[in-house]
Amino acid sequence: MRKLLFESLIRPPLTEHPPLASSTAVDELARALDGAAHKRLGRSLSIRAVDAGSCNGCELEMHALNNAFYDIERFGIRFVASPRHADVLLVTGPVTKNMREALKRTYDATPNPKWVVALGDCAGCFSGSYAVVRGVSEALPVDLHIPGCPPPPIEILKGLLALLEGVNSKTGAARR
């Protein structure tokens, strides 16, 4: 233990380099997302994250939105613990057979207007498994799919902005 302590005093800390996106681009994107949320909902956007059987890669990128670099809460966009407070269900992973009913109940508990966003490419790679239903679209009506394995935080923000600006508003408008 002593050896490890002395080595840590001599070596510089191992840190990652910050993401390539400039902070001004992230600020501009987050402000646009918050403005679209206020225009569409009259308030800030609330997101309920649901893990339906993923490898947690998408969750790591999704939770990076709350770190010091992206810090989307400063723009009013927040993750909530209850589906009763959510506007968007952000679902990751292929829907396992064990999670199908829980996902449906979460969807039913979310008040209107509500949108479902499928995050990541997991549905495709596990489609032949006996343990999965297939993709999120097999269990719920999906309004937007953000591709990537895993998608970076800036792509998640762009997807949410596209959802609120009405690029894919046909199904969202029908359920309002």
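**Exercise 1. State the accessible surface of the protein and the share that belongs to carbon and sulfur atoms.**

Step 1. In this predicted model, the accessible surface comes to about 10,000 Å².
Step 2. Carbon and sulfur atoms hold 56% of that surface.
Step 3. Turning from surface to interior, 44% of the 176 residues are buried, with under 20% relative accessible area as the cut-off.

**Exercise 2. Describe the secondary structure and its order along the sequence.**

Step 1. Count the elements: there are seven helices and seven strands.
Step 2. Put them in order along the sequence: α-α-β-α-β-β-β-α-β-α-β-β-α-α.
Step 3. Consider the contacts with a separation of 6 or more: 83% of them are between residues 24 or more positions apart.

**Exercise 3. Find the largest nonpolar core and the elements that supply it.**

Step 1. The largest nonpolar core has 30 residues. Leu 45, Ile 47, Phe 79, Val 88 and Val 117 have the most contacts inside it.
Step 2. At least two core residues come from each of helix 2 (23–41), helix 3 (57–63) and helix 6 (153–164), and likewise from each of strand 1 (46–51), strand 3 (88–92), strand 5 (115–119) and strand 7 (144–146).
Step 3. Helix 6 contributes the most, with seven residues.
Step 4. A second core, separate from this one, has 13 residues, among them Ala 52, Val 95, Leu 103 and Val 133.

**Exercise 4. List the contacts of Val 117 beyond its neighbours within four places in sequence.**

Step 1. Val 117 is in contact with Val 88, Leu 89, Leu 90 and Val 91.
Step 2. The remaining contacts of Val 117 are Leu 144, Ile 146, Leu 160 and Leu 163.
Step 3. As background, nonpolar side chains tend to be buried together in soluble globular proteins.

Technical notes
Residues numbered from 1 in each chain as written. Predicted model: local features only at pLDDT ≥ 70, side-chain atom pairs only at ≥ 80, totals over all residues. Heavy atoms only, no water. Core = buried A, V, L, I, M, F, W, Y, C linked by side-chain atoms within 4.5 Å. Buried < 20%, exposed > 50% of the residue type's maximum accessible area, 1.4 Å probe, protein only. Helix = DSSP H or I, 4+ residues; strand = E, 2+ residues; numbered from the N terminus. Contact = heavy atoms within 4.5 Å. Areas by Shrake-Rupley, 256 points an atom, 1.4 Å probe, with all protein chains shown as cover.
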